[in-house]
Amino acid sequence: MRAFESVHPAAAFAYFISVLLVAMFTAHPVLLCEALLGAVLFCAILSAKGFWKNMASYVPLFAIIALSNPLFSHNGVTMLFFLNGNPVTLEAVLYGADIAVMLIAVIYWFQCYSFVMTSDKFLYLFGKAIPKLSLVLSMALRFIPLFKAQLIRVNRAQKAMGLYSGKSFTDKLRSAGRVLLALITWSLENAVETGDSMRARGYGLHGRSHFALFRFTGRDGVLLGISAALTGLTLTGRALGGADFAFYPRITGISTAPLSLAVYLAFGALTLLPFIIETEESLKWTYFVSKI
Amino acid sequence: MKKKDLHVILFLILAAAVLLKGTHIRSVEEYYRTHIDDITPESETVFISIRCNTVLNNRDKLNPALQSDEFVPPDGVILQKSEYVLREGDTAFDMLERAVRANRIQMEYQGGNLNVYNSVYVQGINYLYEFSCGPLSGWMYLVNGVFPNYGSSKYTLCDGDTVEWVYTCDLGCDVGCEWMEGG
């Protein structure tokens, strides 16, 4: 159990929403790099196993996004060369890289989210106010991890049966296609079954209560306060033009005005918050262990 | 097993070759090294100019990244009225492309095969794009002082025509185009 997992669902949810809100609606490279750094550090702590392998899979994604943008966008003053009569510009490449950083950062944040905000926490928060939507949302958010787990299971079963077990690359591809087909049928069926099962158990019926062991402690209040203050600072700074950045037609420099620095600092602190909490907790733990 | 892989690899190489054959890479210098026909007494010519005067009155609406004399000249003239040789079958768009290429002015357009009008759409000239100066802004063209109601790559020019490319910030109202209002 990680420290951040024991935080009250409301505080954790508010934290994730505020980070994602800022990260998804900005194109400022400094803020996006901060978001990526914070997410990667947090994710590394939450899922130490398989983290690097996971990270390597994002390199091709990054390259595809960064290099496909200049094929469609020809704005920008620094022309590198002409491709079929259209300029490929440095600005477009950098903008593509910027967007790729944003996408990967957001993916990482959602990974952390799914680690921390398990579906029981989400249902605890919204089960009463919006029972149908919160069920759909928690099922949708659970879908990808579930899909992945089932993928591994189907793959193993196929291998055990000796199907396409050759070393040939083509065979591997064909077997992957077969596994995907099985997965899609399974997921459709699974969705129907889950719905039936939930209904049979009386989910969302009036007058039902549920029990959860979440208590809002002073620590959660402090976390909520700090994240609200930092988000407020970031958003006000942004509204005042502290995080203005333009890629087209010419890249504006990264501003070092006091207001901009304040925005960078506030958002940097916000994104590093979970990492700081986790590090503090593990230091405490090692300290206590050393005393025994 | 190995043979199957070989086929796949061969196919991939073939696909890459076709892709590379279709792409044509040129350096910036090469692209701009174009030949402009010399004007001789018997050659047919047209006049072309590119202006963005309307932006000067709407500075507040202009995208902050474009607030510079480099992108919006102080007098609003991107290309002075100049004379170019008209080749057989040249359209208003062909003339624009040749003129901007000869003067190293940036221009981006959507190809005629990409929209329902089957005509080229000029998205931006000199980094000044559609919507760069408010939601009603973009490039329009006049031939001999009249706004033709169809795409620039469908308008074939005649000897002595005057083509003006103007930037509007108000769907043509501020450059004297009447028919856009009704639409």
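Chain A of this predicted model is mostly a matter of helices by count, with 10 of them and 2 strands. Reading from the N terminus, the order of its elements is α-α-α-α-β-β-α-α-α-α-α-α, which puts the two strands between a run of four helices and a run of six. The C-alpha atoms of chain A fit in a box of roughly 60 × 60 × 50 Å along the principal axes. Of its 292 residues, 24% count as buried. As for how the chain folds back on itself, take the contacts between residues at least 6 apart in sequence: 71% of these join residues at least 24 apart.

The two strands of chain A sit side by side. Strand β1(A), residues 79–83, pairs with β2(A) in the antiparallel sense, and 4 bridges hold the pairing. Within it, A:Leu83 is found opposite A:Asn86 of β2(A). The sheet does not stop at the chain boundary, though. β1(A) is also joined to β1(B) by 3 bridges, again with the strands running antiparallel, and here A:Phe82 stands opposite B:Arg26. Put together, that gives an open sheet of 3 strands in the order β2(A)-β1(A)-β1(B), with antiparallel pairing. Its edges are β2 of chain A (86–89) and β1 of chain B (25–27), each of which pairs on one side only. From one strand to the next, the twist averages 35°. In general, the strands of a sheet pair through backbone hydrogen bonds, in either a parallel or an antiparallel way.

This shared sheet is one part of the meeting between the chains. Altogether, 19 residues of chain B are in contact with 16 residues of chain A. On the chain B side, α1 (2–22), β1 and α2 (28–32) each supply at least two of the touching residues. By type, that side of chain B divides into 11 nonpolar, 4 polar and 4 charged residues.

Elsewhere in chain B, strand β2(B), residues 45–51, has two partners to look at. With β3(B), residues 77–85, the pairing is antiparallel and runs over 6 bridges; B:Arg51 stands opposite B:Val77 there. With β8(B), the strands run parallel and 5 bridges join them, and B:Phe47 has B:Thr162 as its bridge partner. Side chains in a regular strand alternate between the two faces of the sheet. In β2(B), the covered face carries B:Val46, B:Ile48 and B:Ile50, while B:Thr45, B:Phe47, B:Ser49 and B:Arg51 make up the uncovered one.

Two residues of that uncovered face, B:Ser49 and B:Arg51, turn up again around B:Glu164. This residue belongs to strand β8(B), which spans residues 162–168. Leaving aside residues up to four places away in sequence, B:Glu164 touches B:Ser49, B:Arg51, B:Tyr141 and B:Leu142. B:Glu164 also lies 9.5 Å from B:Phe147, C-alpha to C-alpha, with their positions 17 residues apart in sequence counted as separation. Is B:Glu164 buried or exposed? The answer falls in between: B:Glu164 has 19 other C-beta atoms within 10 Å, and because 20 or more would be needed to count as buried, B:Glu164 is classed as partly exposed.

Terms used:
Residues are numbered from 1 along each chain as its sequence is written. Chains are lettered from A and ligands numbered from 1 in the order in which they are written. This is a predicted model: local features need pLDDT of at least 70, side-chain atom pairs count only at pLDDT 80 or more; totals for chains, interfaces and linings use all residues. Two strands pair if DSSP finds at least two bridges between them. Axes are lines fitted to C-alpha atoms, for helices over the stretch in contact, and angles run from 0 to 180 degrees between N-to-C directions. A residue is buried if 20 or more other C-beta atoms lie within 10 Å of its own, exposed if 12 or fewer, and partly exposed in between; C-beta atoms are placed from the backbone. Two residues are in contact if their C-beta atoms, placed from the backbone, lie within 7 Å. Ala, Val, Leu, Ile, Met, Phe, Trp, Tyr, Cys and Pro count as nonpolar, Asp, Glu, Lys and Arg as charged, and the others, Gly among them, as polar.
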